[in-house]
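Grab a pencil and work through these exercises at your own pace. Try each task before you read its solution.

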Amino acid sequence: MRFAIKTRPEHTTWQQMRDVWIAADEFEIFESAWHWDHFYPLSGDMAGPNLEAWTTLAALAQATKRIRVGCQVSGMIYRHPAVLANMAATTDIISGGRLELGIGAGWNQLECDAYGIDLPPLKERFDRFDEGVEAMVALLTQKVANFDGQYIKLTDAYCEPKAVQTPHPPITIGGKGPKRTLRAVARWAQQWNVIVPNPEEWTPLKEILLGHCADLGRDPAEITCSVNVRIDPDQPLDKAVADAAAYGEAGVDLVVMNLPLDAPPSAVEPLAKALASLA
């Protein structure tokens, strides 16, 4: 099994989150570190602090040396795909080729209403997402990109300098929609991330993904399957470790351990030791 950590950029400080990532960077059992892409907190006081994803991610890439870095996941509705492709290429350069490019269609109505961001109906949202991913891949892999979609258009477009990783930073697509999301995973992703309450709900989703891979001629072995496991500060650490083990037995490749909100850097070492027997 493989492991990662995830920190919540809500109701915290830059210094605390940075120090946790630096601590995780010292333990090879953690292959990657993640946060989320929102402008408002997802819990507690909605008027509280929440650090912006990509500026924070670039700074965390500079602060670390080994661990891969990613956002789980960036809502396509928040930034034009061409802008996001440039941000991804630059962050990959800053990290020395350690970026995991996490993307999703977006969902947060509260943020969109507050900021005047259009949140289209689901079908249009996923149509835009499909076009956006294709346009991003074109920008990240081609010297000059052209794309003529219904929603996204590129005309002799450049994205320079290119990312360190080739053909592009690995794409993580998050979500569990059986028709659109999992088909997009089969088409584009190097990693699929999903949040489910237990392995029993994960297994049928994996079967759907395998079906899409068969339809598209994609080798499913090329796609890392990851899930998130929440560490409850009110329960023994052994509970989260047992949950991670259960996902591993079900066939999950990578378990992202979601740290409690107030977890200090000193919490990373006990977690690494507790997971060592599963690695």
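**Exercise 1.** Does His 11 count as buried, partly exposed or exposed?

*Solution.* Keep in mind that this is a predicted model.
Step 1: find the residue. His 11 sits in the loop between S1 and H1.
Step 2: recall the cut-offs. Buried means under 20% relative accessible area, exposed means over 50%, and partly exposed lies in between.
Step 3: apply them. His 11 has a relative accessibility of 27%, so it counts as partly exposed.
Step 4: take a look at the backbone too. The phi of His 11 is positive, near 50°, although this residue is not a glycine.

**Exercise 2.** Now do the job for Asp 156: where is it found, and what does its relative accessibility make it?

*Solution.* Step 1: look for Asp 156 in strand S7.
Step 2: read off its relative accessibility, which is 49%, so Asp 156 counts as partly exposed.
Step 3: check the backbone. Asp 156 isn't a glycine, yet its phi is positive, about 45°.

**Exercise 3.** Let's zoom out. What radius of gyration would a compact globule with 279 residues have, and what does the protein have?

*Solution.* Step 1: for 279 residues, the compact globule comes out near 19 Å.
Step 2: the protein has 18 Å, so the two agree.
Step 3: picture the box. Along the principal axes, the C-alpha atoms fill roughly 55 × 40 × 35 Å.
Step 4: fill that box with elements. There are nine helices and eleven strands.
Step 5: ask how the chain meets itself. Take the contacts between residues at least 6 apart in sequence: 72% of these join residues at least 24 apart.

**Exercise 4.** Describe the inside and the surface of the protein: what share of the residues is buried, and how much area is exposed?

*Solution.* Step 1: start inside. Of the 279 residues, 52% count as buried.
Step 2: go to the surface. The protein exposes about 12300 Å², and 54% of that comes from carbon and sulfur atoms.
Step 3: count the charges. You'll get 25 positive and 36 negative side chains, and the centres of these two sets are 3 Å apart.

**Exercise 5.** Which residues of helix H1 are buried, and why can we say that they line one face?

*Solution.* Step 1: list them. In H1, which covers residues 14-24, the buried ones are Met 17, Val 20, Trp 21, Ala 23 and Ala 24.
Step 2: look down the axis of H1. The buried residues fall within an arc of 160°, so they line one face of the helix.
Step 3: bring in a general rule. An α-helix has 3.6 residues a turn, so residues three or four places apart point the same way.
Step 4: see what that buried set packs against. The partners of the buried H1 residues are the strands S1 (2-6), S2 (30-35) and S3 (68-71), plus the helices H2 (53-63) and H9 (268-275).

**Exercise 6.** Which residues does Leu 60 touch, leaving out those up to four places away in sequence?

*Solution.* Step 1: place it. Leu 60 belongs to helix H2.
Step 2: check its accessibility. At 0%, Leu 60 counts as buried.
Step 3: name the contacts. Leu 60 touches Trp 14, Met 17, Arg 18, Trp 21 and His 35.
Step 4: follow one of these contacts. His 35 is in strand S2, and with a relative accessible area of 0% it is buried as well. Residues that His 35 touches include Met 17, Trp 21, Leu 60 and Gln 72.

**Exercise 7.** Hunt for cis peptide bonds: what is omega between Gln 72 and Val 73, and what is it between Glu 160 and Pro 161?

*Solution.* Step 1: Gln 72 and Val 73 are joined by a cis peptide bond with an omega of about -10°. Val 73 lies in the loop between S3 and strand S4 (74-75).
Step 2: Glu 160 and Pro 161 are joined by a cis peptide bond too, with omega about 0°. Look for Pro 161 in the loop between strands S7 (153-157) and S8 (171-174).

**Exercise 8.** How far apart are Ala 250 and Thr 203, in sequence and in space?

*Solution.* Step 1: along the sequence they are 47 residues apart.
Step 2: in space, C-alpha to C-alpha, the distance is 7.0 Å.
Step 3: check for contact. Setting aside neighbours within four places in sequence, Ala 250 is in contact with Pro 199, Trp 202 and Thr 203.
Step 4: add the setting. Ala 250 is in helix H8 (residues 237-250) and, at 30% relative accessibility, counts as partly exposed.

How values were computed
Residues are numbered from 1 along each chain as its sequence is written. This is a predicted model: local features need pLDDT of at least 70, side-chain atom pairs count only at pLDDT 80 or more; totals for chains, interfaces and linings use all residues. Side-chain values use heavy atoms; hydrogens and water are left out. Helices (H or I, at least four residues) and strands (E, at least two) are DSSP runs, numbered from the N terminus. The radius of gyration is taken over C-alpha atoms; the globule rule is 2.2 Å times the number of residues to the power 0.38. Buried means under 20% relative accessible area, exposed over 50%, partly exposed in between (1.4 Å probe, protein chains only). Contact means heavy atoms within 4.5 Å. Accessible areas come from the Shrake-Rupley method with a 1.4 Å probe; for residues, only the protein chains shown count as cover. Lys and Arg count as positive and Asp and Glu as negative; His and the chain ends are not counted. The place of a charge is taken as NZ of Lys, CZ of Arg, CG of Asp or CD of Glu. The arc is that of the directions from the helix axis to the C-beta atoms.
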